[in-house]
Structure formats: structure tokens, C-alpha cells
Amino acid sequence: MRNSIPIKALALLAAGQLLMASCKKNKDATPDKSAKYGLVAGNWQQKDIVFAVPVKLGGQNIPAGTSIIKLAPLLGQAGALFTCTTTNTYQFGADGKFNIKGCTDLILPTAGNAGSWKLDVHDAVFLLTNEKGNNDPHWIENVSDSTLDLSITVTIPGVATAPLVLKLKK
């Protein structure tokens, strides 16, 4: 009878170890990326930059969705900082690297023209990280196989800070 207690305890301990070993997560394993990564990865062309909310500009009410590119002449020198973006191209590689050809000084000053990208916060945030390691997060307003809309906040010199949507197309 004395020998059966340690054997039972040893068997229970061994079973517990097996159970714990089977439940351990592999720390080296990376989680699978969501399907949204496949939608975002690729080459994009800037389609427009629009107001995310209604704004008052020069005493006029401007509705949400209005192109700031079309209003650029009303913004004086600051308008040129928007119009130079109209030919921007964006490459978001499947390897997590990004490259932007064109003007980013006004619309993506933290991200700049190159760095890495990933989806964050349950894939709702598009996180750009520049080559110096500075993060530049943007809410994803919409993504499909042909459109990518990102929230951006832009400080327009001499005018105001405005919530905008950067509209890209594949």
C-alpha cells in the first residue's frame, strides 16, 4: 500500500507535465497574418485627399468628402504642398517594407518616404514606421482589393489642422 501512493503521485505529476507541455505556445512561431495584409500589400496610386469631416474654410462650409486637392488654389502656398502629392505612388511590400515616391512632407511627415509597415490594433490601424524607428499610425477607413483609404491629420501651414482621408487605388 505504501508503494502505491508515490506511484500514483508520480503518474499524476507526469500526466500534468504532459498536459502543460501540450499547452505551451511556441514562442518562435509568428501568428498568421490576416487576409487584410494581402489587400494592403501591393502598388498604389494616390487618387485624392478629402476632408474627413465638414469644415469651415474661408467662411464657407465645406462638406466631408470634398477634395482638398481641388481646393488647393484657395490655400495659397500651402495648396502647393497638396498638389505635389497628386502623382504619389505607394509600394507596400509583402515583406513589410514601404516606399513612397513623391511628396510626403505635408501628408506623411513622420513616415517619410521609406520604412516598414504592419497592421495593428486588430488590423484597424495601418502602422508606418520610418527608417529612424518613428511610428506613424493611421486608421484604415476602407480597404478592398482596389481601394485603400487612410485617416491622416494634416497641419496646413497658416491655415489649420485638418482631419483628412488619403484615398489610394491599385
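This report looks at a loop with unusual backbone angles and at a disulfide in a predicted model.

## The loop between strands 6 and 7

Let's start with the backbone. Most residues other than glycine have a negative phi. His122 goes the other way, with a positive phi of about 55° although it is not a glycine. Asp123, also not a glycine, has a positive phi of about 65°. His122 sits in the loop that runs between strand 6 (114-120) and strand 7 (125-130), and Asp123 is placed in the loop between strand 6 and strand 7 too.

Are these residues buried or exposed? His122 has 81% relative accessibility, so it counts as exposed. Asp123, at 18% relative accessible area, is buried because the cut-off for that is under 20%.

## Across to helix 2

Ala35 belongs to helix 2 (residues 35-40). Along the chain, Ala35 and Asp123 are 88 residues apart, yet their C-alpha atoms are separated by 9.8 Å. Ala35 itself is exposed, with a relative accessible area of 66%.

## The disulfide

How many disulfides does a search of the whole structure find? It turns up one. Cys84 and Cys103 form it, with their sulfur atoms 2.3 Å apart. The pair links distant parts of the chain, 19 residues apart: Cys84 is in the loop between helix 4 (77-83) and strand 4 (89-92), while Cys103 is in the loop between strand 5 (97-101) and strand 6.

As for accessibility, Cys84 is partly exposed at 27% relative accessible area. Cys103 is partly exposed as well, at 26%.

How values were computed:
Residues numbered from 1 in each chain as written. Predicted model: local features only at pLDDT ≥ 70, side-chain atom pairs only at ≥ 80, totals over all residues. Heavy atoms only, no water. Helix = DSSP H or I, 4+ residues; strand = E, 2+ residues; numbered from the N terminus. Buried < 20%, exposed > 50% of the residue type's maximum accessible area, 1.4 Å probe, protein only. Disulfide = S-S within 2.5 Å.
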